[in-house]
Structure formats: structure tokens, C-alpha cells
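Reader: Hello! I am new to this structure and would love a close look at one part of it. Could you take the sheet and walk me through it, along with what surrounds it?

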Amino acid sequence: MASTTSNPPSASAQQPQPQAPVAIICIGMAGSGKTTFMQRINAHLHQHHQHHPTTTAPPYVLNLDPAVRSVPFESNIDIRDSVNYKEVMKQYNLGPNGGILTSLNLFSTKIDQVMGLLEKRCLPQPASQTQQQETKTDILPSHILIDTPGQIEVFVWSASGAILLSALASSFPTVIAYIIDTPRTTENTSTFMSNMLYAISILYKTRLPMILVFNKTDVKAETDAVEWMRDFEAFQAALKKEEEEHEREGSGYMGSLLNSMSLVLEEFYNALSVVGVSSMTGVGIPLFFDAVEAKRAEFERDYRPEMQRRRADAEGMKAEMREKEVSRMMRDMNVSSKAKGTGKYAGGRVREEPETVSDAEAMSEDEEGDYEGGGGGGGGGLVEPDEHEEAEPSEDAMFEEGLKARYEAALREQQGGPAAAARSADYIRRSQG
Ligand SMILES: Nc1nc2c(ncn2[C@@H]2O[C@H](COP(=O)(O)OP(=O)(O)OP(=O)(O)O)[C@@H](O)[C@H]2O)c(=O)[nH]1
């Protein structure tokens with residue numbers, strides 16, 4: 001397991017300024033201590049900045065919890081500045097969760113502005129702009145801290161959450177800090193397992209590197225949790241002990257499920273960094289920043305190429321569809337060229353255009369004679385009306401219509417280039433009326 005609990009104290013202070021700051025998204029169940037943790041890491045980075053004012057910048061902070069009454073830290077971007085959660089609840093007649101979700105949806109429609117601001121403040125600007133501000137020596141923040149609503153599912157499983165996360169991860173190395181209330185989670189093995197399964201679902205949904213932050217270690221150390229993760233036999237022993245202590249009826253099913261889960265989850269545990277912290281006292285915070293640095297490297301190494309691959313796949317699928325359209329058009333054009341004289345229809349009659357009124361009259365008389373059938377009239381030139389000839393005009397019309405539709409479709413496909421995020425944002429904007 002990639003536990004960082006035995007790592008040396010933070011080296012982040014001595015590290016050179018990275019190109020792009022790492023975005024730390026704090027996710028945790030209500031009461032896990034997420035906000036206190038945010039406050040603590042924010043204070044840690046501010047303190048670091050005070051010690052190295054010429055080489056470091058304070059973190060850039062975002063609050064995405066619309067329902068929080070007051071945050072004990074200053075945010076550079078606060079969802080509450082653009083969305084009034086209470087008003088949203090009233091206006092849309094929603095409960096607390098619906099209010100948070102709708103507020104996030106409304107906020108995500110501003111994702112372009114948010115990202116524009118973030119990139120302006122946290123990424124090196126093009127030379128022309130920096131030259132204009134030559135007098136200022138801009139030191140960029142090395143961390144972007146993001147607080148999220150305690151209603152995890154509202155953030156992680158909503159379209160707006162996905163939009164915000166994917167927009168962030170496409171501009172910055174992004175890491176999830178999953179905050180866990182250690183005393184509560186290690187109360188028993190089933191609570192522990194439930195929390196781990198929840199963390200897994202977040203990991204697989206967001207597909208971002210994750211650090212498990214066992215908080216409140218001043219109340220209870222994270223050692224039990226770490227042992228249960230490292231050694232499934234230790235977990236199974238704890239489970240057995242619980243069963244004996246409580247003489248649980250029908251615990252056989254639960255017991256064997258938890259046993260099996262502990263084996264299955266080994267792979268998942270290996271992918272995680274684990275740190276024990278106390279947001280109250282600050283113990284373990286430097287270790288957390290070490291874990292962030294490790295995850296930043298992991299993001300660049302594994303996640304970014306994977307993200308780019310997924311994007312290329314999506315683009316590839318679009319290109320494949322376009323390719324199919326083109327080949328269908330080419331096939332149709334081939335048929336058309338045959339129809340116009342190179343294929344089996346080439347022998348068909350080609351109607352000459354009349355040049356004068358008398359020509360036209362003569363031609364129409366000829367035609368009448370032709371189509372009247374019977375042996376009379378026309379002297380030797382009588383031709384049976386060709387079925388194809390009858391069908392030809394409508395086939396042409398159909399072809400042209402189909403071609404037009406396909407051109408339009410191809411055009412739409414080409415113009416449908418905006419990022420999925422922007423499209424979804426637009427969808428949300430429209431659905432909000
Ligand atoms: N002893 C101890 N208490 C903590 C620690 N971190 C947070 N708490 C307490 O846990 C409670 C919840 O903390 P919050 O930071 O409000 O938790 P939250 O996850 O942001 O909660 P929501 O705002 O409801 O999402 C508060 O009473 C904190 O004082 C810690 O490290 N040690």
C-alpha cells in the first residue's frame with residue numbers, strides 16, 4: 001500500500017515552484033471535518049508563504065458549498081457570491097439537497113468564467129501580457145484548494161460536479177482528498193467498509209488520484225484503519241472479534257461479505273495514499289502535502305495520458321462517424337455518376353432540350369407518339385418507356401435531398417466541436433429556463 005504515514009516531514013517547502021499549481025478537492029461526509037481540514041491546510045500554506053514571501057504565493061481558494069453559513073477562511077472564488085442558495089430553494093420550491101444541486105448547476109454554467117479566472121491567476125500568462133506588467137513579479141500559487149458540499153453525492157454524481165471536475169483536471173493536476181472521520185469510521189468493521197466502498201465509488205467516478213485523509217487523529221489514531229487496509233487478516237480478526245463480542249445473530253452473511261470485500265479491496269488500497277491528520281492540532285499536515293506531491297506526479301504520469309486518451313477516443317469516435325458519412329456520400333455519388341451516364345443507365349434516352357417553340361411542339365408530339373404505344377406513328381423509333389427513366393427524376397430528387405441532409409449532418413458534426421463540458425453547461429443553462 002502506498003501509505004505515506006512513514007514519510008519524512010514535508011519537503012514541499014523546499015521544492016521549486018511548479019509550472020501549474022495542484023488542485024486539491026476536499027470531499028468528505030458531513031461532519032468529517034472537511035471545512036476544518038481546509039482551514040488547516042490553508043493556514044499551513046499561508047504560513048509557508050509568510051516564511052518565504054519572495055518565492056511563494058498563498059493558495060488560491062474556492063468554496064463550492066453553497067449552503068455553508070460561514071467559512072473560517074477567505075475564498076478567492078465563492079459559489080455564494082454568484083448563487084443564493086436560499087433563494088434557489090424558494091424559487092424552485094426545493095429541499096436542501098435539491099437547492100445545493102441546483103445552485104451547483106447554476107454555478108457550473110459559469111464554468112468558463114471560473115476557469116478563465118483560475119487560469120489567469122494561477123497559470124503563467126503569455127509573454128505579451130506579462131511584459132505589460134513588468135513592474136510586478138507575479139509568483140503563482142502552488143496550490144488551489146477547493147471545498148465541496150458535505151452532501152457528497154450531490155457533488156460527485158451530478159452533471160455539474162462532473163463539469164467542474166473535468167474542467168479543473170484539464171487545466172491543472174488535480175487530486176481528491178477524501179476526508180474521513182477516523183473515530184467514527186473505525187468504530188466497527190462495517191462502518192469502515194462502508195466508508196471504503198464510498199471512497200472507491202468516488203475514485204472510479206472521478207478517475208482522479210485520491211488521498212485518504214484520516215482526520216481527527218487527536219481523538220483516535222489512524223493505526224487501526226491503516227492496519228485493516230494493509231493486512232486483510234487483521235481486518236478479518238477484528239471482524240471475528242466483533243461477532244464474538246456482540247454474538248450477532250445472522251452475522252454469518254455479513255461476516256462473509258465483509259471478509260470477501262477485504263480481499264477484493266486490496267487492489268484498491270494499493271492505489272491510494274493514506275495519511276492520518278488532526279485538523280484541530282495540525283499534526284500530519286506536512287505528510288499530507290508530501291502525499292499531494294506524490295499524487296501530482298502520478299497525475300502527470302498516469303492520469304493525464306489516460307485523460308488525453310479518453311478525449312482522443314471521443315474525438316476518434318466523432319471522426320469515425322464523419323468518415324462513415326463521407327463514404328456513404330461517396331457511394332451515393334458513384335451511383336449518381338452512373339445514373340448520369342457511366343453505368344448501366346448510360347444507354348437510356350437523354351432528353352434533348354428544345355431550342356425553339358416549334359421544336360418543343362415537335363418533341364412533345366414525338367413523345368406522345370412514343371408513349372402511346374402500339375405500332376403506329378413514329379416509324380421505327382418506338383422505344384418502350386424505360387422504368388428507370390420514369391423513376392429517374394424522383395430518384396434524383398431523393399438523392400439530392402439525402403445528400404443535402406447528410407451535408408448538413410456532416411456540417412453539424414464538424415461544428416459540434418465544443419468541449420463536452422461546455423455542451424452540458426449549455427444544456428443545464430437551458431434546462432434552468
Ligand atoms: N477533535 C477533532 N475535532 C475535529 C477535527 N476536525 C474537525 N473537528 C470537529 O468536527 C466537527 C465537524 O467539523 P467541520 O469542519 O464542520 O466538518 P465538515 O465536514 O465541514 O462538516 P459540514 O460543514 O457539515 O460538511 C466540528 O465540531 C469540528 O470542530 C479534528 O481534527 N479533531
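Author: Happily; here is a walk through the sheet, strand by strand, followed by its surroundings.

Let me start with the whole chain. This is a predicted model, and its chain has 18 helices and 7 strands. Of the 433 residues in the chain, 31% are buried. Among contacts with a separation of 6 or more, 77% are between residues 24 or more positions apart.

Now to the sheet itself. The 7 strands form an open sheet with parallel pairing, and their order is S3-S2-S4-S1-S5-S6-S7. At the edges are strand S3 (77–78) and strand S7 (273–276), each of which pairs on one side only.

Let us step through some of the pairings. Strand S2 (residues 60–63) runs parallel to strand S4 (residues 143–147), and 4 bridges join them. Here Tyr60 stands opposite Ile144 of S4. S4 also pairs with S1, again in the parallel sense, over 5 bridges. In that pairing, Cys26 stands opposite Asp147 in S4.

S1 then pairs with S5 in the parallel sense, over 6 bridges. Two opposite pairs help you find your way here: Ile24 faces Val175 in S5, and Ile25 stands opposite Ile176 in S5. From S5 you can cross to S6, since S5 and S6 pair in the parallel sense over 6 bridges. Ile176 appears again at this crossing, with Met210 as its bridge partner in S6.

How covered are S1 and S5? S1 is mostly covered, with 7 of its 7 residues buried. On one side of S1 are Val22, Ile24, Cys26 and Gly28, and on the other are Ala23, Ile25 and Ile27; all are buried, so both faces of S1 are covered. S5 is largely enclosed by the rest of the structure, because 8 of its 8 residues are buried. Both of its faces are covered too: Thr174, Ile176, Tyr178 and Ile180 are buried on one side, and Val175, Ala177, Ile179 and Asp181 on the other.

What lies against the sheet? Helix H5 (residues 111–122) lies across S2, S3 and S4, and runs at about 160 degrees to S2. Helix H10 (residues 189–206) also packs on the sheet, where it touches strand S1 (22–28), strand S5 (174–181) and strand S6 (210–215). The direction of H10 makes about 165 degrees with that of S5.

Thr185 is a good residue to pause at. Its place is in helix H9 (residues 182–185). Thr185 counts as buried because it has 23 C-beta neighbours inside 10 Å, and the cut-off for buried is 20 or more. Apart from its neighbours within four places in sequence, Thr185 is in contact with Ile180, Thr191, Phe192, Asn195 and Ala225. Take Ala225: in sequence it is 40 residues from Thr185, while in space the two are 8.3 Å apart, C-alpha to C-alpha.

Following the chain past H10, you come to Arg207, in the loop between H10 and S6. Most residues other than glycine have a negative phi. Arg207 is not a glycine, yet its phi is positive, at about 55 degrees. Arg207 is partly exposed, with 16 other C-beta atoms within 10 Å.

Asn93 shows a positive phi as well, of about 55 degrees, and is not a glycine either. You will find Asn93 in the loop between helix H3 (85–92) and H4. Asn93 is exposed, with 8 other C-beta atoms within 10 Å.

Beyond that loop comes helix H4 (residues 96–108), whose 13 residues should span 18 Å at 1.5 Å a residue; its end C-alpha atoms are 18 Å apart, which agrees. H4 is mostly covered, with 10 of its 13 residues buried. Among the buried residues of H4 are Gly99, Ile100, Leu101 and Phe107.

Last, have a look at the ligand. It is surrounded by 16 residues, of which the closest are Gly33, Lys34, Thr35, Thr36 and Gly150. Helix H1 (residues 34–51) gives the most to this shell, with 3 residues. By type, the shell around the ligand divides into 10 polar, 3 nonpolar and 3 charged residues.

Methods:
Residues are numbered from 1 along each chain as its sequence is written. This is a predicted model: local features need pLDDT of at least 70, side-chain atom pairs count only at pLDDT 80 or more; totals for chains, interfaces and linings use all residues. Two strands pair if DSSP finds at least two bridges between them. Two residues are in contact if their C-beta atoms, placed from the backbone, lie within 7 Å. Axes are lines fitted to C-alpha atoms, for helices over the stretch in contact, and angles run from 0 to 180 degrees between N-to-C directions. The expected span of a helix is 1.5 Å times one less than its number of residues. A residue is buried if 20 or more other C-beta atoms lie within 10 Å of its own, exposed if 12 or fewer, and partly exposed in between; C-beta atoms are placed from the backbone. A residue is near a molecule or strand if its C-beta atom, placed from the backbone, lies within 6 Å of it. Ala, Val, Leu, Ile, Met, Phe, Trp, Tyr, Cys and Pro count as nonpolar, Asp, Glu, Lys and Arg as charged, and the others, Gly among them, as polar.
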